[in-house]
Amino acid sequence: MSYVDEIIDLVVKQNPNEPEFHQAVKEVLNSLRVVIDANEEQFRRDALLERIVNPERQIKFRVPWVDDKGQVHVNTGYRVQFNSAIGPYKGGIRLHPSVNLGIIKFLGFEQIFKNSLTGLPIGGGKGGSDFDPKGKSDREVMAFCQSFMTELCKYIGADTDVPAGDIGTGAREIGYMYGQYKRIKNVYEGVLTGKGLSYGGSLARKQATGYGLLYITNEMLTTLGDTLQGKTVSVSGAGNVAIYAIEKAQQLGAKVVTASDSNGWIYDPEGIDLAALKEIKEVKRARLTEYTSYRPNAEYHAGKGVWSVKVDIALPCATQNELNLEDAMNLVENGVQVVAEGANMPSTAEAIEYLQKHNVRFLPGKAANAGGVATSALEMSQNSERLSWSFEEVDSKLQGIMKNIFHNIDAASKKYGFEGNYVVGANIAGFEKVVDAMTAQGIV
């Protein structure tokens, strides 16, 4: 049995009932076979893969809080500090009922390689809770966030672990968490990113993941002699990533015709009305059922179906495993040319294989959605220097980072004989830097 297969078996055995973590490990290690096989003797001797698939630290804690009626609730909080070989742990806090240890581990494992690809000195980590902020009052959200941070603050710091936002954790939640951290630790430091502009946040952070997704997609198309201009695009999701992916796609001349939330999806053949979408989601915090009151010619459909529309480019920006084999078949049948992931692991392994087999250009999330964490690292730099950069300066740096990521993964895919396979390219490019750092630092 090969070293890769041994480690995959070991991960499944040691981490039962964590299918998302198994999926992430299999995807990465299978695409790294060519590198691992070439260095098997050294990697085995150093137990390199055993160390890279085991988090340096896993923290699990209870989060008691009181609702507006005086009822006490108890949620579970997590922080997985996966790998600090190239910098302090960096990764978001996800607040969603689906959160469990396996999901946080899959996200933290992906984060190692995504953060490495940015070229910035940040390691991989992730955290969250099964708390659901939807339908809660601001006071209830504050009560939860303060309780969550009261425990989490023991394990994080500006040079140790710098969490950020994720699904369910926006500016409101980051603000409450930061206030509680500052209150307990009595330090004003860049311990969280995604902060408000009045207290150390970075311009362009809100837009960064969505914008970055379009910058790398555009760079790939430009390299291939194509352009976004005139392309029809489907987007899933209606959160931060989706909204600003739609915004940048429209700015670059594409027509985006879909968006979705957990209840259903919209199809607007004339192109998504971004102002209406922002009002519904960012101001009202409402459901997409309201969209047709703004655009009577649009269609609202309950349930799934966002990938059934005929488009040139598909951008999954919602959540993990939202694009399955059936969806991939629909996209291919409708002539899709590019699928670029705005969310973390939104496509199943079977879907990715099918898309690649049918010559669809596929950009994996660890490369395509790295704009968010890259700009978080830029926020860390600004905090360290006690400076605030202009929107244009941050956006320019973000564009440069995303272009570099594309060319690095493209070069890695070519170097190892997998030209055009950006999944392999991204994993290899991210892995090699982490391995060099781990090897240099000894057996730790």
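## Close-up views of a predicted model

**View 1. Helix H9 and its kink.** Helix H9 covers residues 205-223, and its 19 residues reach 26 Å from the first C-alpha to the last, close to the 27 Å expected at 1.5 Å a residue. Please keep in mind, here and in the views that follow, that this is a predicted model. Follow H9 along its length and you will meet a kink of about 35 degrees, centred on Tyr211. Is H9 mostly covered or mostly uncovered? Mostly covered: 15 of its 19 residues are buried. Just after H9 comes Gly225, whose phi is positive, at about 80 degrees.

**View 2. Lys366 and its two acidic partners.** The structure holds 26 salt bridges, and this view takes in two that share a lysine. In one of them, the side chain of Glu27 meets that of Lys366, with N to O at 3.2 Å. Glu27 belongs to helix H2 (residues 19-31) and Lys366 to helix H15 (residues 365-368), so this pair ties together parts that lie 339 residues apart in sequence. The side chain of Glu110 also meets Lys366 in a salt bridge, again 3.2 Å from N to O. Glu110 sits in helix H6 (residues 101-117) and Lys366 in helix H15, so here the parts tied together are 256 residues apart in sequence. Where do these side chains stand with respect to the surface? Lys366 counts as buried because its relative accessibility is 1%, and Glu110 counts as buried because its value is 4%. As a general reminder, side chains of opposite charge can pair when their charged atoms come close.

**View 3. A buried pair, Lys126 and Asp166.** Another salt bridge links Lys126 with Asp166, and their closest N and O atoms are 3.0 Å apart. Lys126 lies in strand S4 (residues 123-129), whereas Asp166 lies in the loop between strand S5 (161-164) and helix H8 (171-185), so the pair ties together parts 40 residues apart in sequence. Are the two partners buried or exposed? Both Lys126 and Asp166 are buried.

**View 4. A salt-bridge network around Arg295.** Which acidic residues join Arg295 in a network of salt bridges? They are Asp268, Glu270 and Asp273, linked with Arg295.

**View 5. Strand S3 between its partners S4 and S5.** Strand S3 (residues 89-95) runs parallel to S5, and 4 bridges join the two. Two pairs help you find your place: Lys90 has Val162 of S5 as its bridge partner, and Gly92 is partnered by Ala164 of S5. S3 also pairs with S4 in the parallel sense, over 5 bridges, and there Ile93 stands opposite Gly127 of S4. The chain gets from S3 to S4 by way of H6, and this β-α-β crossover is right-handed. How many of the 7 residues of S3 are buried? The count is 7 of 7, and S3 is mostly covered.

**View 6. The two sides of strand S5.** In a regular strand, the side chains alternate between the two faces of the sheet. On S5, Asp161 and Pro163 point one way, while Val162 and Ala164 point the other way. All of these residues are buried.

**View 7. Cysteines without a disulfide.** A search of the whole structure finds 0 disulfides. Why is Cys153 not bonded to Cys145? The sulfur of Cys145 is the closest cysteine sulfur to that of Cys153, but the two are 14 Å apart, too far for a bond. Cys153 counts as buried because its relative accessibility is 4%. Cys317 is buried as well, with a relative accessible area of 7%.

**View 8. Positive phi at Ala47 and Asn359.** Ala47 is not a glycine, yet its phi is positive, at about 45 degrees. You will find Ala47 in the loop between helix H4 (40-45) and helix H5 (48-53). With a relative accessibility of 26%, Ala47 counts as partly exposed. Asn359, also a residue other than glycine, has a positive phi near 60 degrees. Look for Asn359 in the loop between helix H14 (349-357) and strand S13 (361-363). Its relative accessible area is 71%, so Asn359 is exposed.

Note on methods. Residues are numbered from 1 along each chain as its sequence is written. This is a predicted model: local features need pLDDT of at least 70, side-chain atom pairs count only at pLDDT 80 or more; totals for chains, interfaces and linings use all residues. Side-chain values use heavy atoms; hydrogens and water are left out. The expected span of a helix is 1.5 Å times one less than its number of residues. The bend at a residue is the angle between axes fitted to the seven residues ending there and the seven starting there. Buried means under 20% relative accessible area, exposed over 50%, partly exposed in between (1.4 Å probe, protein chains only). A salt bridge is a side-chain nitrogen of Lys or Arg within 4 Å of a carboxyl oxygen of Asp or Glu. Two strands pair if DSSP finds at least two bridges between them. A disulfide is a pair of cysteine sulfur atoms within 2.5 Å. A crossover is right-handed if, with the strands pointing away from the viewer, the path from the first strand over the helix to the second runs clockwise.
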